[in-house]
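The exercises below are to be worked with the sequence and the coordinates side by side. Each task is followed by a solution in steps.

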Amino acid sequence: MRLLLTSAVLAFVVSGATGQVASAQSSVTHYCAYYNDGSINCNFHSFSECDAAVSGVGGVCRISALDGRR
């Protein structure tokens, strides 16, 4: 019983902390550069930054898949 109660409290605390982090980051959109060589970089804060990175080397830019889940 004690283990069940401890697990429930821990799950509640973790879910609360995760919700705060996700909501704090929800206003930030990241763009991913998918390069023709198969590499991916999702650290761009604007489409133009991403587009400049793939320009000349080949690839496409898309909104990060993680941004759609927030």
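**Exercise 1. The sheet**

In what order do the three strands of the open sheet lie, and is their pairing parallel or antiparallel?

Solution. The model is a predicted one.
Step 1. Reading across the sheet gives β2-β1-β3, and the pairing is antiparallel.
Step 2. The edges are β2 (40–44) and β3 (59–63), each of which pairs on one side only.
Step 3. The average turn between neighbouring strands is 25°, direction ignored.
Step 4. Strand β1, residues 31–35, is joined to β3 by five bridges. For the register, Tyr 31 stands opposite Ile 63 in β3.

**Exercise 2. The helix on the sheet**

Find which strands helix α2 touches, and the angle that its direction makes with that of β1.

Solution.
Step 1. Helix α2 covers residues 47–54 and packs on the sheet.
Step 2. Its contacts are with β1, β2 and β3.
Step 3. The directions of α2 and β1 make an angle of about 15°.

**Exercise 3. The nonpolar core**

List the residues of the largest nonpolar core and state which element supplies the largest share.

Solution.
Step 1. A general tendency comes first: in soluble globular proteins, nonpolar side chains tend to be buried together.
Step 2. Here the largest core has seven residues, namely Tyr 31, Ala 33, Tyr 35, Phe 44, Cys 50, Val 54 and Cys 61.
Step 3. At least two of these residues come from β1, and at least two from α2. The largest share is that of β1, with three residues.
Step 4. Take Tyr 35 as one member of the core. Leaving aside residues up to four places away in sequence, Tyr 35 touches Asn 41, Phe 44, Ala 53, Val 54, Val 57, Gly 58 and Gly 59.

**Exercise 4. The disulfides**

How many disulfides are there, and what pattern do they follow along the chain?

Solution.
Step 1. The count comes to two disulfides. With bonded cysteines counted along the chain, the pattern is 1-2, 3-4.
Step 2. In the pair Cys 32 and Cys 42, the sulfur atoms are 1.9 Å apart. The torsion about the S-S bond is about 110°, so this disulfide is right-handed. Because Cys 32 is in strand β1 and Cys 42 in strand β2, the pair ties together parts ten residues apart in sequence.
Step 3. Cys 32 has 1% relative accessibility and therefore counts as buried, whereas Cys 42, at 29%, counts as partly exposed.
Step 4. In the pair Cys 50 and Cys 61, the sulfur atoms are 2.1 Å apart. The value about the S-S bond is -100°, and the link is left-handed. Cys 50 belongs to helix α2 and Cys 61 to strand β3, eleven residues apart.
Step 5. Both Cys 50 and Cys 61 are buried, and both are listed in the core of Exercise 3.

**Exercise 5. A residue after the sheet**

Decide whether Ser 64 counts as buried or exposed, and name the residues that Ser 64 touches.

Solution.
Step 1. Ser 64 is in the segment after β3.
Step 2. The cut-off for buried is under 20% relative accessible area. Ser 64 has 9% relative accessibility, so Ser 64 counts as buried.
Step 3. Not counting residues up to four places away in sequence, Ser 64 touches His 30, Tyr 31 and Cys 32. Of these, Cys 32 is the residue bonded to Cys 42.

Technical notes. Residues are numbered from 1 along each chain as its sequence is written. This is a predicted model: local features need pLDDT of at least 70, side-chain atom pairs count only at pLDDT 80 or more; totals for chains, interfaces and linings use all residues. Side-chain values use heavy atoms; hydrogens and water are left out. Two strands pair if DSSP finds at least two bridges between them. Helices (H or I, at least four residues) and strands (E, at least two) are DSSP runs, numbered from the N terminus. Axes are lines fitted to C-alpha atoms, for helices over the stretch in contact, and angles run from 0 to 180 degrees between N-to-C directions. Contact means heavy atoms within 4.5 Å. Buried means under 20% relative accessible area, exposed over 50%, partly exposed in between (1.4 Å probe, protein chains only). A nonpolar core is a set of buried Ala, Val, Leu, Ile, Met, Phe, Trp, Tyr and Cys residues joined through side-chain atoms within 4.5 Å. A disulfide is a pair of cysteine sulfur atoms within 2.5 Å.
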